[in-house]
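Me: Could you take a close look at one part of this structure for me, the aromatic rings that sit together? I'd like to hear how they are arranged and which parts of the chain they come from.

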Amino acid sequence: MHFTLEELGLLDAPAEQKFDNLTCLASELLDVPVAHISVADFKKNRIFYKSQYGHPDELAQSRELPMELTYCQHVPLTGAPVVVQDARLHPLLIGTPALSEGQPLAYLGIPVKAPGGRVIGGLCMMQPDERRWSTDEVSRAQKIAGCVSDLIRLETARLSSERLRHEQRAFTYAISHDLQSPANTLKMIFSELELEGECLSQDALMFIEKGRETVQRMGVQVQDVLTYARTLDAPVTRECVDLNALVDGILTDLEADIRQAGATVDVDDLPLVEGDPMQMRMLFQNLIGNALKFRLAGRKHRVSVSASAERQGHRVTVQDNGIGIRPEDQHKVFGLFNRLHLRDQYAGTGIGLSLCQRVAENHHFAIEVDSDGHSGTAFTMQFPEMPV
């Protein structure tokens, strides 16, 4: 995936500490008064300094120079290290505008690369007088330049991930939204056919009923996918959320499911947490709904929502004594559309726990699963302390 130097924050962008740390390190390790990370902007025929150490005030303010006035231009132009002991004698610099009165004589420029290997600039060091750069000094500079390239690769990976998530969200939402119309049309057709029941055979009526069930499942799945799509990169409105009130409301909504399961639901005194109220509700509704669903025949079903204070926040656990999840399957449960059981055993679309993980990621906390595979399952979240 390609990004421009501007998108990567390497041109006309503020200084960043992570780059400044490396220029300072280069200055200290190689004992030079000037070090900088230069980026070649061939469109504007200039060198932009992403990071700088030891520049005079005017250059430190402007952070750029015309390309022909720099030694740094030769690093991206040659794609190789430029080692200058005495600029007055170096073939790349003799007779050029860059070599003027008062310019540094010693220069060391090491290529900095974008993903794919293209040289986009250099880690450059300069000092006023002549200097013979040792093999060890060049090697140290290359290692630091490698760290600069790694920072650029990391930013590229972050932007790629961000773009892919955005595209996934848009694609998933569009497909799911478009499926609603034909699903509603099919539902209407089956309803109309049922009105002709007296004219249809028992087999035809059976097929109509199966069709209605299929369309109903499809409708549930489309709605679940739409809900999941809305959580991808969704902005998080951080408010104080009272988990006691939240869980009470969810249990009221799930009252019919609780009665059907013959379950007992115990709820501890729960903490106040910071988060998006809508996403927090989706999280706990899915966890409690799953805890009620995956019960074991012949065992009195119990679900608990408990909390414990930790040094830096609260641990909240939703636990049941149902069928459990085998240890070897636990890494699968958060995968989108992953189902560990047949639909005729346990209904569902395989999206609920993916949604829970997405909510956790949006709020920057982890959700963990624990089960011995036969005596129930516990899902635990670590909520940070509420800001004062």
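Reply: Sure, and keep in mind that this is a predicted model. Let's begin with Phe284 and Phe383: both are buried. Phe365 is buried as well, and together Phe284, Phe365 and Phe383 make up one aromatic cluster.

Now for the pairs. A search through the whole structure turns up three aromatic pairs. Take Phe284 with Phe383: their ring centres are 6.4 Å apart and the planes sit at 15°, so this pair counts as stacked. The cut-off for stacked is planes under 30 degrees apart. Phe284 belongs to helix α8 (residues 277-293) and Phe383 to strand β13 (residues 377-384), so the pair ties together parts that are 99 residues apart in sequence.

Phe383 also pairs with Phe365, and here the geometry is tilted, with 4.7 Å from centre to centre and 50° between the planes. Phe365 comes from the loop between α9 (352-362) and β12 (367-371), while Phe383 is in strand β13, so to speak 18 residues away, and the pair links distant parts of the chain. Phe383 thus appears in the stacked pair and in the tilted one.

As for the setting, the protein chain has nine helices and 13 strands, and 42% of its 388 residues count as buried. Looking at contacts between residues at least 6 apart in sequence, 66% join residues at least 24 apart. On the outside, the chain exposes about 21,000 Å², with carbon and sulfur atoms supplying 53% of that.

Note on methods:
Residues are numbered from 1 along each chain as its sequence is written. This is a predicted model: local features need pLDDT of at least 70, side-chain atom pairs count only at pLDDT 80 or more; totals for chains, interfaces and linings use all residues. Side-chain values use heavy atoms; hydrogens and water are left out. Rings of Phe, Tyr and Trp (its six-membered ring) pair if their centres lie within 6.5 Å; planes under 30 degrees apart count as stacked, over 60 as edge-to-face and the rest as tilted. Helices (H or I, at least four residues) and strands (E, at least two) are DSSP runs, numbered from the N terminus. Buried means under 20% relative accessible area, exposed over 50%, partly exposed in between (1.4 Å probe, protein chains only). Contact means heavy atoms within 4.5 Å. Accessible areas come from the Shrake-Rupley method with a 1.4 Å probe; for residues, only the protein chains shown count as cover.
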